[in-house]
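Trainee: I would like to learn how to read empty space and packing in a model. Could we work through one case together?

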Amino acid sequence: MADFNQYTRWEHQMHGVKLPRWDDLPKFDLYMDQVTALINDVLGPLGIDTITPAMINNYVKHNVIMAPVKKKYQTMQLTDILMISLLKPMFQTDTVRSGIDQITAGDYPKQAYDNFIGQLEDRLHHLGEDQVQPAAQNLNEKLMQVAVDTVVSRLQSEKLLRLIKRPLRKIEKK
């Protein structure tokens, strides 16, 4: 019962999570250490693994995000790193990149990012409640809904697994 109460408290904590919209992000370029600090600060309340400079460098190397200009990262790269960090535990980075490209092909990157973050926040703010989502009007909207649902389901399942994790008894040989 204590574990269930702990989970319920976690759900209520998620109700207060605030994620930055495009306009909330810094209006100036950031160096790598500033990027990792910002991303980890934003994602920390969700319990998502921290991002490292090596991970970001790997994204650049594999063309998952644009290379920094004079070692400085801009808003577009920050939003890409945030979305990749949210989705990479479930998908390969090239799949995440493909999804971002598909959604931003129909929307401006700012609008697409804000829409994704808005839907994610809305789902987190209503955890534990029966919630009916509006029907998607096209495949891009459906893709975004499914991606948001996947992130939320992963956060929930990881929290539940941490709470119920108990040492497994070894089967004794006779």
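Trainee: What volume does the largest cavity have?

Mentor: Rolling a probe the size of a water molecule over the atoms shows where empty space is left. This is a predicted model, and its largest cavity has a volume of about 80 Å³. With a threshold of 30 Å³ or more, the count comes to one cavity.

Trainee: Which residues lie nearest the centre of the largest cavity?

Mentor: Met83, Ile100, Thr104, Ala112 and Tyr113 lie nearest its centre, out of 13 residues that line the cavity. Helix 4, helix 5 and helix 6 each give two or more residues to that lining.

Trainee: And the open spaces: how much space lies in the largest pocket?

Mentor: A cavity is closed to the probe, whereas a pocket is an open set of points. In this model the largest pocket holds about 180 Å³ of space. Its lining comprises 13 residues, and those nearest the centre are Leu87, Phe91, Gly99, Leu143 and Ala147.

Trainee: Which helix gives the most to the lining of the largest pocket?

Mentor: Helix 5 does, with five residues. At least two residues each come from helix 4, helix 5 and helix 7.

Trainee: Helix 5 deserves a closer look, then. How many residues does helix 5 have, and what is its reach from first C-alpha to last?

Mentor: Helix 5 has 14 residues and reaches 21 Å between those two atoms, close to the 20 Å expected at 1.5 Å a residue.

Trainee: Which residues of helix 5 are buried?

Mentor: Take buried as under 20% relative accessible area. Val96, Arg97, Gly99, Ile100 and Ile103 are buried in helix 5. Looking down the axis of helix 5, these buried residues fall within an arc of 160°, so they line one face of the helix. On the other side of helix 5, Ala105 and Gly106 are exposed.

Trainee: What covers the buried residues of helix 5?

Mentor: The cover includes helix 4, helix 6 and helix 7.

Trainee: How many residues does the largest nonpolar core have?

Mentor: The largest nonpolar core has 46 residues, and Leu46, Leu86, Phe116, Leu120 and Leu124 have the most contacts inside it. Among the elements that give two or more residues to this core are helix 1 (2-15), helix 2 (32-43) and helix 3 (53-61), along with helix 5 (93-106).

Trainee: Which residues does Leu120 touch?

Mentor: Leaving out residues up to four places away in sequence, Leu120 touches Leu19, Leu86, Val148, Val151 and Val152.

How values were computed:
Residues are numbered from 1 along each chain as its sequence is written. This is a predicted model: local features need pLDDT of at least 70, side-chain atom pairs count only at pLDDT 80 or more; totals for chains, interfaces and linings use all residues. Side-chain values use heavy atoms; hydrogens and water are left out. A nonpolar core is a set of buried Ala, Val, Leu, Ile, Met, Phe, Trp, Tyr and Cys residues joined through side-chain atoms within 4.5 Å. Buried means under 20% relative accessible area, exposed over 50%, partly exposed in between (1.4 Å probe, protein chains only). Helices (H or I, at least four residues) and strands (E, at least two) are DSSP runs, numbered from the N terminus. Contact means heavy atoms within 4.5 Å. The expected span of a helix is 1.5 Å times one less than its number of residues. The arc is that of the directions from the helix axis to the C-beta atoms. On a 1 Å grid over the protein atoms alone, a cavity is a set of points where a 1.4 Å probe fits but cannot get out, and a pocket is an open set with protein on both sides within 12 Å along at least five of seven lines; lining residues have an atom within 4 Å of a point. Grid points are joined across faces, edges and corners, and a volume is the space filled by probe spheres set on the points.
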